[in-house]
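User: Could you take a close look at one part of this model for me? I'd like to hear about the packing inside, and then how that part sits in the rest of the protein.

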Amino acid sequence: MAVAAVAYAVRARTLRRRGTPLPLWRVLLFALGIALLVLAFASPIAAIGEQELFSFHMLQHVLIGDLAPLCILGGLSGPLLRPLLALRPVERLRVLANPAVALPLWAANLYLWHLPVLYEAAVAHSAVHALEHVCFFSAGVIVWLPVLETLPAPEWFGTGPKLAYIAAVRVVETVLGNVFLWSGTVFYGVYAHPPELWGVSPLRDQGLAGAVMMLEGSLVTIVALAWLFLRLAREGELRQELLERGLDPRAVRRAVRYGRAQELAGPR
């Protein structure tokens, strides 16, 4: 995390010196993402979640696997990443920005790591636990890539399909959250403590974990959908304006899709 923060600061300073500074909101988003990771790894959330309460472990996972990746990706931009994007291995990662690739990878990671055999192995063995966290963070980055397009998504994946994609992501997550919320059986033996911690029984703790997952997902989904609906409305108005000016429909569609409408329109 420290290396990432320093590298970001150095690159941002270089861009500022060249006269193309990063917008402040991107810097703040990236800083928030790093802060969320620090909170997840270096606070009582981690200590309580590893052995005491499943709900705290779930809170740690939504920080690592959803909120932090979202903020960090939001803090990145093409100019910032240009040195990395020039590398061939990074160039090949563009396939991960395809929603048909990103969604299955993220869903498989989410469900596999919540299987009792893998989940309890992660709690019992630090190396497996580290791998689990790497997988959650990586999957979080991958699932948001097609939406934020830090790497370009396919041309067909515009704002409308993004709305459906966000809905699909949350349906996948909500199914698992409901399993934890309404199950009458404790899934993980490591949390089946005979004494109740803070008056929270193991079964209630598991229900709270499901509630944490669904509440966080719902809040993020509301914000994401609101942003996409507003963007869709702006794109519709801009597309209509450009078409009324007699510009080529395909050129208009591509310009609006990739945020280059002002270049296409030229001076008014």
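Analyst:

**Around an aromatic pair**

Phe157 has a relative accessibility of 2%, so this residue counts as buried, the limit being under 20%. Keep in mind that this is a predicted model. Tyr165 is buried too, at 6% relative accessibility. What about the two rings together? Twelve aromatic pairs are counted here. In the pair formed by Phe157 and Tyr165, the ring centres are 5.5 Å apart and the planes sit at 85°, so the arrangement is edge-to-face.

Tyr165 is a good place to look around from. Beyond its neighbours within four places in sequence, Tyr165 is in contact with Phe157, and also with Pro99, Ala102, Leu103, Ile142, Val143, Pro146 and Val147. Tyr165 also belongs to the largest nonpolar core, a set of 56 residues. There, Tyr165 is among the members that touch the most others, together with Phe54, Leu76, Trp106, Trp144 and Leu145. As a rule, nonpolar side chains in soluble globular proteins tend to be buried together.

Phe54 leads to another aromatic group: it forms one cluster with Tyr119, Phe180, Phe187, Tyr188 and Tyr191. Helix α4 covers residues 54-74, and Gln60 lies in it. Gln60 is a polar side chain to check here: with a relative accessible area of 1%, Gln60 is buried. Where does the side chain of Gln60 reach? It gets to the backbone oxygen of Ala40, at 2.9 Å. Leaving out neighbours within four places in sequence, the contacts of Gln60 are Ala40, Phe41, Ile45, Ala46, His129 and His133.

Now for the empty space. Three cavities of 30 Å³ or more turn up, and the largest has a volume of about 130 Å³. It is lined by 14 residues, with His61, Gly65, Leu110, Phe136 and Glu173 closest to its centre. Helices α4, α7 (99-113), α9 and α11 each give two or more residues to that lining. The largest share, five residues, comes from α4.

The largest pocket has a volume of about 1100 Å³. Its lining takes in 37 residues, and those closest to the centre are Arg26, Val147, Leu148, Trp227 and Arg231. Val147 ties this back to where we started, being one of the contacts of Tyr165. The elements that give two or more residues to the pocket lining are α2 (24-41), α4, α5 (78-85), α9 (126-148), α11 (202-244), α12 (249-257) and α13 (261-265). Helix α11 provides the largest share, eight residues.

Staying with α11 for a moment, Gly236 has its place in that helix. At 29% relative accessibility, Gly236 counts as partly exposed. Gly236 and Lys162 are 74 residues apart in sequence, with their C-alpha atoms 15 Å apart in space.

Finally, the wider frame. The protein has 13 helices and zero strands, and its C-alpha trace spans about 75 × 40 × 30 Å along the principal axes. Of its 268 residues, 42% are buried. Taking contacts with a separation of 6 or more, 71% join residues 24 or more positions apart.

Conventions: Residues numbered from 1 in each chain as written. Predicted model: local features only at pLDDT ≥ 70, side-chain atom pairs only at ≥ 80, totals over all residues. Heavy atoms only, no water. Core = buried A, V, L, I, M, F, W, Y, C linked by side-chain atoms within 4.5 Å. Buried < 20%, exposed > 50% of the residue type's maximum accessible area, 1.4 Å probe, protein only. Contact = heavy atoms within 4.5 Å. Helix = DSSP H or I, 4+ residues; strand = E, 2+ residues; numbered from the N terminus. Polar contact = N/O pair within 3.5 Å; in protein donor to acceptor, adjacent residues only side chain to side chain. Phe/Tyr/Trp six-rings, centres within 6.5 Å; stacked < 30°, edge-to-face > 60°. 1 Å grid on protein atoms, 1.4 Å probe; cavity = no way out; pocket = protein on both sides within 12 Å on 5 of 7 lines; lining within 4 Å. Points joined across faces, edges and corners; volume = space filled by probe spheres on them.
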